[in-house]
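This report goes through selected side-chain contacts and strand arrangements of one protein model. The sequence and the coordinates come first, and the discussion follows.

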Amino acid sequence: MTPMPYILSLDEGTTSARAALYDEAGRAVAMESAPIDCHYPHAGWVEQDAEQIWRAQLDAARRTLAKAGASPSSVVAIGITNQRETTVVWDRATGAPVAPAIVWQCRRTAEYCNELARSPQAAGIVRTTGLVIDAYFSASKIRWILETVPGARERARNGELLFGNIDTWLIWKLSNGGAHVTDPSNASRTMLMNLATGDWDDAMLQVFDVPRAMLPAIVPSSAVSGTAAPEHLGASIPIAGIAGDQQAALAGQACFRAGLSKNTYGTGCFALLHTGGRAPVSQNRLLATRAASANAHAQFAIEGSVFIAGAAIQWLRDQLGVIQTAAESEALAASVPDNGGVYFVPAFVGLGAPHWDSAARGLIGGITRATGRAHLVRAALESIAFQTAELVEAMEADSGERLSELRVDGGAAVNNFLMQFQADILGYPIVRPADVETTALGAAYLAGLATGFWKNVAEVESFWRAERRFEPGLDAPQRRRLIGEWKAAVARCRQA
Ligand code: ADP
C-alpha cells in the first residue's frame, strides 16, 4: 500500500516555530510547535538566536511527522512561512551567524531611519519600495550589522557573508547551504527590492550600503527552490513554497485574486487587500507589498497594520486585572446593551495607519458613575473593530473599490462579539473560516501547487470553508454616530 502523501508546512513565528502536515484534502493531520526566546539587551532592542530558531523549527517538524505517523518519504514538498523583516547575517563557509538576529520589532535603527526619512532620498525610497521609511524593515538592520561587526562590510563585499530573512536562513540550513533564496513577498519587506520589477534595486543597495553579493536570489513563491537534505527530516524533500507570514495568511484564506482581503486579529491587526497584477501606490500611507503568487506572475497587495489590538485585552487582564482571561471579554461585553458612551483608544505606542502619530498616547473617555468593567471591556473590543475600520477605509480609498466581505483569522477572531461588532461597523459581512491556521495553510498551498499535489488555485479555493458569517446589523445613521464618536476620541488622544 502506498502511504498517504502530505505537504509539510514550516511556520516560523516571532514566539514559536510551528510545523503542520496537510493531506490532499487540505486538512491538517498534525501540528506541533517549539518556543523561541526573545532577548532585550537595551530598551527598544529585540534579538533572537538564529541557531535556536533553526533547532526549534527542526524539532517541531520532526515531532509533527512522528505524531502523524508519517514516513518522511511521504512528504511531497515543504512550504515555509516566517516572521518577516527579521535579519540574519552569517558566514558562508562556517554557517555561523556573525551577530544575533535583529527582530522586526527592534528599534535600534530608528534614529538612522528618521534622518533618512527627512533626507532628499526619502521620496525615491518610498516610490521604489512601496514602504514607509522605518526601522521595521530589514535594510537598516543589515546596515547596522555591517557597520558594527568588525570587517563585516568587507567580507560581505567579497561574498563571504550572506544575508537572509528567516525563510532564507531556514532554507539554507535545510539544504546544507545548497540554496540561498527568498521570495518576492519577503524581499518586498527588506526595503531593498524594487516593488515593480521584483529585483534588488541598485539605488537602494547604494543608500543602505548593502553589497549585492550577500543577497539571496529572489525566486517565485510557488516553485521548487531547493531540497532539504535527508539527514534533517529523514528524506530528500523539495522546498517548493515560500511566503512571509501575512502574505501566507492571505493565501491560506484563498485570497488569490484582486479585491479579496483578510484581517488577522492578534496582538495587533494585519489587514491585506489583494490588488492583482497591479502595483498599488498608497495615498494613505499604507504599505504596498508583494502578495505570494501561485504562478510566475507578480501579484500585489496593500497592507495596513494596527499596533495594539488583542494587546488591549491583554492589558485589561494583566495590568488592570479587570478580567481573568481574554475569552471572558466576550460574555462581559455582551452583558451590556452598548458601550455606555465609553471609548478606549489604545494608542500605547502611538497610532499606526492611517494616522502615523508616534506621539499619541492611550485614552479612555466618556466615563460616568454608571460605567462598569463591562463597559470598559466592551470599549476595548470595540476599539479593535474601529481601528480595523479605519484601515479598511484607507484601503478602499487607495484601491478605489468598496470591499464586499472581510475574511478573518488570528487569536482574537474567535471572539463572536468582536466579529459581530466588526460587521456592524464596516457595514458588510465578516467571514470566519473553519481552518484559522491560515499562515501554515498558505505556505502549504504554495508548495502543493508548485509540485502538482494540488492541480490549480481553483482546487485550493474549494477547500476554503466558512465556519461562521457575521452579517451587519446596524443601520447607517447608528453606524455613522458610533464612528463619529470614535473619531472624536482619536482626535482627543492625539492632542494628549
Ligand atoms: P500573536 O500571533 O500576535 O501572538 P494571536 O493570534 O495568538 O497573537 O492572538 C493573541 C491575542 O488575541 C492576544 O493579544 C489576546 O489578548 C487576544 N485574544 C485571545 N483570545 C481572545 C478572545 N477570546 N477575545 C479577545 N481577544 C482575544
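Which residue forms a salt bridge with Arg107, and how far apart are the closest N and O atoms? Asp134 is the partner, and the closest N and O atoms are 3.0 Å apart. This is a predicted model, in which local features need pLDDT of at least 70 and side-chain atom pairs count only at pLDDT 80 or more, while totals for chains, interfaces and linings use all residues. Residues are numbered from 1 along each chain as its sequence is written, and side-chain values use heavy atoms, with hydrogens and water left out.

## Salt bridges

A salt bridge is a side-chain nitrogen of Lys or Arg within 4 Å of a carboxyl oxygen of Asp or Glu. By this rule the model has 35 salt bridges. Three of them are tabulated here, with N to O distances.

| Acidic residue | Basic residue | N to O distance |
|---|---|---|
| Asp11 | Arg18 | 3.5 Å |
| Asp134 | Arg107 | 3.0 Å |
| Glu461 | Arg257 | 3.4 Å |

Accessibility is given in classes: buried is under 20% relative accessible area, exposed is over 50%, and partly exposed lies in between (1.4 Å probe, protein chains only). Asp11 is buried because its relative accessible area is 7%, whereas Arg18, at 26% relative accessibility, counts as partly exposed.

Helices (H or I, at least four residues) and strands (E, at least two) are DSSP runs, numbered from the N terminus. The bridge between Asp134 and Arg107 links distant parts of the chain, 27 residues apart. Asp134 lies in the loop between helix 3 (122-129) and helix 4 (138-148), and Arg107 in the loop between strand 7 (101-102) and helix 2 (110-118). Arg107 has 40% relative accessibility and so counts as partly exposed.

The bridge between Glu461 and Arg257 spans 204 residues: Glu461 is in helix 16 (residues 457-463), and Arg257 is in the loop between helix 10 and strand 13 (261-265). Glu461 counts as partly exposed at 24% relative accessibility, and so does Arg257 at 48%. Elsewhere, Arg143, Glu147, Arg153, Glu154, Arg157 and Asp209 are joined into one network by salt bridges that share partners.

## The open sheet and its helices

Two strands pair if DSSP finds at least two bridges between them. An open sheet of six strands has the order 3-2-1-5-12-11, with mixed pairing. Its edge strands, each pairing on one side only, are strand 3 (28-35) and strand 11 (222-228). Direction ignored, neighbouring strands of this sheet are turned by 25 degrees against each other on average. Axes are lines fitted to C-alpha atoms, for helices over the stretch in contact, and angles run from 0 to 180 degrees between N-to-C directions.

Strand 2 (residues 16-22) and strand 3 run antiparallel and are joined by seven bridges. Leu21 has Ala30 in strand 3 as its bridge partner.

Helix 6 (residues 166-174) packs on the sheet and touches strand 1 (6-12), strand 5 (75-82), strand 11 and strand 12 (237-244), where contact means heavy atoms within 4.5 Å. The direction of helix 6 makes about 145 degrees with that of strand 5. Helix 10 (residues 245-252) lies across strand 5 and strand 12, at about 100 degrees to strand 12. Eight of the eight residues of helix 10 are buried, among them Asp245, Gln246 and Gln247. Just after helix 10, Ala254 takes a positive phi of about 60 degrees.

## Strand 6

Strand 6 (residues 88-91) runs antiparallel to strand 8 (residues 161-164), with four bridges between them. Val89 stands opposite Phe163. Val88 and Trp90 point one way, Val89 and Asp91 the other, and all are buried.

## Aromatic contacts

Rings of Phe, Tyr and Trp (its six-membered ring) pair if their centres lie within 6.5 Å; planes under 30 degrees apart count as stacked, over 60 as edge-to-face and the rest as tilted. The count comes to 17 aromatic pairs. Trp315 and Phe344 form a tilted pair, 5.7 Å centre to centre with 55 degrees between the planes. Trp315 is in helix 11 (residues 310-318) and Phe344 in strand 17 (residues 343-345), 29 residues apart. Phe344 counts as buried at 2% relative accessibility.

The rings of Phe386 and Phe421 have their centres 5.5 Å apart and their planes at 85 degrees, so this pair is edge-to-face. Phe386 and Phe421 are both buried. Ring pairs link these two with Tyr343, Phe417 and Trp486 into a cluster.
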